[in-house]
There are 2 protein chains.
Amino acid sequence: MPQIDSGRLLKDLYELRAIGAYRTGVHRPALSPEDIQSRRWLVEKMSAAGLRAEIDGIANVFGWSAAPGRKLLLGSHLETQPHSGWLDGAMGVIYGLETARVLGGGIDVAAWFDEEGWFGSFLGSRSFCGQVADAEIGAARRRGDGVPLTEALAAAGLAGRPRVQAEPGRHIGFLEAHIEQGAELELAGDRIGIVTAIVGSRRFRIVFEGAQNHAGTTRMARRKDAGVALTRLAGAIEDRFPSIAHERTVWTTGSISLDPGSPSIVPGRAEMVFQFRDTEPAILEALDAELATLIAAANLGPCAVTAIRTGTTAPAAMDPGFQAAIAASAARHAPGKFQHMPSGAGHDAQILSGIMSAGMMFVPSIGGISHHYSEDTSDGDLVLGCQVFVDAAAALLS
Amino acid sequence: MPQIDSGRLLKDLYELRAIGAYRTGVHRPALSPEDIQSRRWLVEKMSAAGLRAEIDGIANVFGWSAAPGRKLLLGSHLETQPHSGWLDGAMGVIYGLETARVLGGGIDVAAWFDEEGWFGSFLGSRSFCGQVADAEIGAARRRGDGVPLTEALAAAGLAGRPRVQAEPGRHIGFLEAHIEQGAELELAGDRIGIVTAIVGSRRFRIVFEGAQNHAGTTRMARRKDAGVALTRLAGAIEDRFPSIAHERTVWTTGSISLDPGSPSIVPGRAEMVFQFRDTEPAILEALDAELATLIAAANLGPCAVTAIRTGTTAPAAMDPGFQAAIAASAARHAPGKFQHMPSGAGHDAQILSGIMSAGMMFVPSIGGISHHYSEDTSDGDLVLGCQVFVDAAAALLS
């Protein structure tokens, strides 16, 4: 059975952690100097591992195997959320690199550009799957500083390079390792998660329009308070959604704003950003219908309430064969210490699953913390996870 | 019966409207160049009206009568809210000036500094009433640009001037005219409002502390969502307050913020700015107790909820004799077209009522609009209101 080199694995992870280090985590916005440095670092590592390495026209990093026959594609992403964790994305890339070294052929490795959504939604993996037109790239700007993607790519020396697309028939499928970003494994005392499906989501901006007025002189009975309409709808969602939701369904109001937001002015306008997620299309449909019902009811009040759909992603089931391969490997290395589970977060594997078989494996996140610099996983779990991953990859290749 | 000069009244109002004009309204932040210009303009007008005019060390403008005997003090304020109305404050000052001209003696006129709260709370009238220490002035900064009050006063050439305080025994009392800033008069077809009391208010910042988490991977049952705690409390307030409130009690959540305010992050912290107002101390007490009960109940949930009291003003009853004088004058000039009513907004008269008899008179606001540049009152109502005001002042003086 092929054995990983745990010292080499951890050394790679620590080298990568040093590029854009922030406290115990990392700050590598997509196409920041640190992000570009991490991509060049990976090219060197891939070349040293015997892969033909390249960065394509959308900053995806690839390491191609020269071995004959069909290949297994492995990987994740390099850029991070702001001041975020050192393993989110990076771990899956380095697991792919270590697997290529250990198995010695048949492994392609990818670091997908911008899984974290600085410039758009899954631009790197969607480009590889043929879902990104040049116009989308031309229009994309980085959140925060508004830098155009085309300028950022040119500054990285990538202007004019072709974007690599999937070569039909080359790959058996795509396998991605990632930190769990939740506390399910830790709470159960498990060390490996086998992802059954990646949740789909529906995202909305809900706008409330009332009438701005003086908060001292306008009687309650005559108000059209957009803020009250908002808190009433938010409350109704919390009341109604549990009766439709499954155990793992989640819904979140991430931001609220009242306009003009002054202590002594009745808000004339309000907005909330709302989303829900589940692995079952039927649940998503039922929640969507319930939200529409609640918004229709809200419109019977004094304010006009409109839900604007800002995004939809479909749930992505992971390939049963890939799940079985991970489970068999986990049973060997961590008997009784693994579980099947959905992924509540989005990942490049959900994009790849549209054109090839796909699978995902999780390792525990300490305290379930994610998207924060204190995100962490024990060295023991990192090493065990990589060994499980390599054996699963070997089984899928054979 | 003394007659006002309606052409002179409207000409004064239109000249003042031109200083800092913004669309159909005015933008005169306290101690802005336009605000200083308006104070100097008023000094000239007062002097021309035979008053001894001065601007004191906190930018209050006074016009003193040289006539023997006790005086009636009239006035309001000159600065405005941002991009706000042309009559809010200005009308009451010009009514005072016109009254001094028409009655020819026994009238003092004041334009109180910063009723609109750019640097603090009723600084000008509170200074006149002996309620402002030098330390408060030293610490005050203008909202928005943070300019220290002491610097702004020095730039206006007022550094080192004494602050004028009320001279015991000089005044019969204080009478203020103001636009209603609500729609009660218009809705009833009335032209004059006689203020019975100015509401008191209690103001709070309510803070919710939970746990920030990933919105995809954190199960609902394990969340400590500060935003949900906030919307639940806001809903409970809307459910409970009506059973305690009187017809004119008002309560308002003016702003809400969720932290970090990102679509895919469970808010770990949230804040709301909340206030309520009434003319009855007992109602204010009962609402205060109810809020405390609701916050105690909210603390049984997964988040910590704390209410920080940021301000309290006591209700101020208007003098019955002053009310009777306005009512008698209104009955003469607008028979059947006046009503007694509380003021839902705060005014300098509530400060002056602490040291002398005080009264307030309202004229209608078109559409009830206030604190917006489209605020307006018909010329007919402006002229009628001034005549009612002058006759009431004459009756109080005699």
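Helices (H or I, at least four residues) and strands (E, at least two) are DSSP runs, numbered from the N terminus. This is a predicted model: local features need pLDDT of at least 70, side-chain atom pairs count only at pLDDT 80 or more, and totals for chains, interfaces and linings use all residues. Residues are numbered from 1 along each chain as written, while chains are lettered from A and ligands numbered from 1 in the order written.

**View 1. Helix α3 of chain B runs up to Gly104(B).**
Helix α3(B) covers residues 90-103. Its 14 residues should span 20 Å at 1.5 Å a residue, and its end C-alpha atoms are indeed 20 Å apart, so the two figures agree (the expected span is 1.5 Å times one less than the number of residues). The helix is mostly covered, with 14 of its 14 residues buried (20 or more other C-beta atoms within 10 Å; 12 or fewer is exposed, in between partly exposed; C-beta atoms are placed from the backbone). Just after α3(B) comes Gly104(B), with a positive phi of about 70 degrees.

**View 2. Helices α1 and α3 of chain A cross.**
Helix α1 (residues 6-17) and helix α3 (residues 90-103) of chain A have axes that come within 10 Å (lines fitted to C-alpha atoms, for helices over the stretch in contact). They cross at roughly 140 degrees (angles run from 0 to 180 degrees between N-to-C directions). α1(A) and α3(A) are therefore oblique to each other (under 35 degrees is roughly parallel, over 145 roughly antiparallel, 65 to 115 roughly perpendicular, the rest oblique). From α1(A), Arg8(A), Leu9(A), Asp12(A), Leu13(A) and Leu16(A) make the contact (C-beta atoms, placed from the backbone, within 7 Å). From α3(A) come Ala90(A), Met91(A), Ile94(A), Leu97(A) and Glu98(A). The residues of this contact divide into 7 nonpolar, no polar and 3 charged (Ala, Val, Leu, Ile, Met, Phe, Trp, Tyr, Cys and Pro are nonpolar; Asp, Glu, Lys and Arg charged; the others, Gly among them, polar).

**View 3. Helices α1 and α12 of chain B meet.**
Helix α1 (residues 6-17) and helix α12 (residues 379-397) of chain B approach within 10 Å, axis to axis, and cross at roughly 115 degrees. α1(B) and α12(B) are therefore roughly perpendicular to each other. On the α1(B) side, the contact uses Ser6(B), Leu9(B), Leu10(B) and Leu13(B). On the α12(B) side, it uses Asp379(B), Leu382(B), Val383(B) and Cys386(B). By class, this contact of α1(B) with α12(B) has 6 nonpolar, 1 polar and 1 charged residues.

**View 4. Helix α10 of chain B also passes α12(B).**
The axes of α10(B) (residues 320-333) and α12(B) come within 8 Å. Their crossing angle is roughly 130 degrees. That makes α10(B) oblique to α12(B). α10(B) contributes Phe322(B), Ala325(B), Ile326(B), Ala328(B), Ser329(B), Ala330(B), Arg332(B) and His333(B). They meet Leu384(B), Gln387(B), Val388(B), Asp391(B), Ala392(B), Ala395(B) and Leu396(B) in α12(B). The contact of α10(B) with α12(B) holds 10 nonpolar, 3 polar and 2 charged residues.

**View 5. Ala177(A) sits in strand β7 of chain A.**
Strand β7 spans residues 171-179 of chain A. Ala177(A) counts as buried because it has 29 C-beta neighbours inside 10 Å. Neighbours within four places in sequence aside, it is in contact with Ser76(A), Met91(A), Gly92(A), Tyr95(A), Met361(A), Gly385(A) and Phe389(A). Ile194(A) is 17 residues away from Ala177(A) in sequence, and their C-alpha atoms are 9.8 Å apart.

**View 6. Chain A touches chain B.**
In this interface, 42 residues of chain A are in contact with 42 residues of chain B. On the chain A side, the elements giving two or more residues are α8 (226-244), β11 (250-259), β12 (265-266) and β13 (269-278). That side divides into 14 nonpolar, 21 polar and 7 charged residues.

**View 7. Pro260(A) and Pro260(B) follow cis peptide bonds.**
In chain A, the cis bond joins Asp259(A) and Pro260(A), with omega about 10 degrees. Pro260(A) lies in the loop between β11 and β12 of chain A. In chain B, a cis bond links Asp259(B) to Pro260(B), and omega is about 10 degrees. Pro260(B) is in the loop between β11 (250-259) and β12 (265-266) of chain B.

**View 8. Phe122(A) has a positive phi.**
Phe122(A) is not a glycine, yet its phi is about 50 degrees. The residue is in the loop between β6 (107-112) and α4 (123-128) of chain A. It counts as buried, with 25 C-beta neighbours inside 10 Å.

**View 9. Ala59(B) has a positive phi.**
Its phi is about 70 degrees, although Ala59(B) is not a glycine. Ala59(B) belongs to the loop between β3 (52-55) and β4 (61-64) of chain B. Ala59(B) is buried, since 28 other C-beta atoms lie within 10 Å.

Definitions and conventions. Two residues are in contact if their C-beta atoms, placed from the backbone, lie within 7 Å.
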